[in-house]
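I opened a fresh page for this one. My plan is to look up the ligand surroundings and then how the chain is divided.

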Amino acid sequence: VADYEDGEWINPRIVPFEPFTIHPASMVLHYGQSIFEGMKASKNLDGQPMFFRPEMHAKRLNASASRMCMPDLPEELFLEGLHALVGLDQGWIPPQEGSALYIRPFMFATDEFIGVRPSSKYRFIIFTGPVGPYYSRPVRLVAEQTYVRAVAGGTGEAKTSGNYAASLLPAKIAQEKGYDQVMWMDSREFKYVQEVGTMNIFFVINGKVVTPATDGAILKGITRDTVLTLLKEKGFEVIEKPVHIDEILAAHDRGELEEIFGTGTAAVVSHVAELAYGDRVITLPPIEDRKVSPMIKDWIDGMRSGRVEDTHGWVQE
Ligand code: PMP
């Protein structure tokens, strides 16, 4: 925990995990100045807890802070807090590859003020909780055509609570219709693909890997960046561009749509079994026939455990 007052971060401390009180007029409760990150620490083959690209999370937290008119958190404070806390909590990390300690850093506005303006006081907290290997079964997606998660110029690129609040109703409706998650589309025509739930989305078309370009409305996933970097290095043709739904449906009709998968810290890779767009429902090939996404999951899980060489210095003590 650390507090921001009079223009500086003060009193960084570790306290027992327990409820705390805030004032009913705390600005975060009313105006949504609240940002967060989702990370995992896992054990390498020597039993040492390791982080994955922690400085990227620190930078993204600060990018979110900047959009939400919140103060920068010094990267050293973020990293020190992470190390101190995970040092204490590492007993919770199961040794199996894929298991991890989930880490939730977050920052929120604590000023007691009822007018709309940026808060002058903030609190930053990190807490952790163990998670087992994330065996996600292939998911069924529906392209959302009524609601939007984010628009260019909005807060979509920030990891801020309001984006998730906006996603709850459409996700609930989709689940009631038997889908696992919605695929977010652009707000003008509902034709261009953005992302999925808490994941970025990738398509494999005739051996080429295609993902929506970040357009100001998509969260810049750290797993997305990792996957793009690894695939390029392994010689895959990787294309970041606006992705029109008709292009995906046409590729499917030609028999060239080989895979759809989501990427994110929690699942690493989530395979898509089925995609619905209006009346069209397309079914993707079985996992055994997929070449790209199972390999990516193996690389990333393997890098984290030390089984696969990490040539980028992404996995850090
Ligand atoms: N999009 C959204 C909306 C998310 O919440 C997440 C999870 N942070 C992602 C994409 C994937 O990002 P990352 O790979 O950094 O976990």
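Before I start counting, a note to self: helices are DSSP runs of H or I with at least four residues, numbered from the N terminus. I also keep in mind that this is a predicted model.

Entry one, the ligand. I looked up which residues surround the ligand and found 13 of them. Gly 221, Ile 222, Thr 223, Gly 264 and Thr 265 are the closest.

Next I asked myself: which element gives the largest share of the shell around the ligand? That turned out to be α5, with three residues. I wrote down its range as 222-233, and beside it β14 at 257-264, since each of the two supplies at least two residues of the shell.

I then sorted the shell by class. I noted eight polar residues, three nonpolar and two charged.

Entry two, the domains. I have domain 1 at 2-131 and domain 2 at 139-307. Taken over C-alpha atoms, their centres are separated by 27 Å.

How many residues does each domain bring to the contact? I recorded 22 from domain 1 and 16 from domain 2.

Staying with the side of domain 1 that touches domain 2, I listed the elements giving two or more residues: β3 (34-36), β4 (39-43), β5 (49-52) and α2 (54-67). The largest share of that side comes from α2, which gives five residues. By class, I put down eight nonpolar, eight polar and six charged residues for this side of domain 1.

Methods: Residues are numbered from 1 along each chain as its sequence is written. This is a predicted model: local features need pLDDT of at least 70, side-chain atom pairs count only at pLDDT 80 or more; totals for chains, interfaces and linings use all residues. A residue is near a molecule or strand if its C-beta atom, placed from the backbone, lies within 6 Å of it. Ala, Val, Leu, Ile, Met, Phe, Trp, Tyr, Cys and Pro count as nonpolar, Asp, Glu, Lys and Arg as charged, and the others, Gly among them, as polar. Domain bounds come from an automatic or database domain assignment. Two residues are in contact if their C-beta atoms, placed from the backbone, lie within 7 Å.
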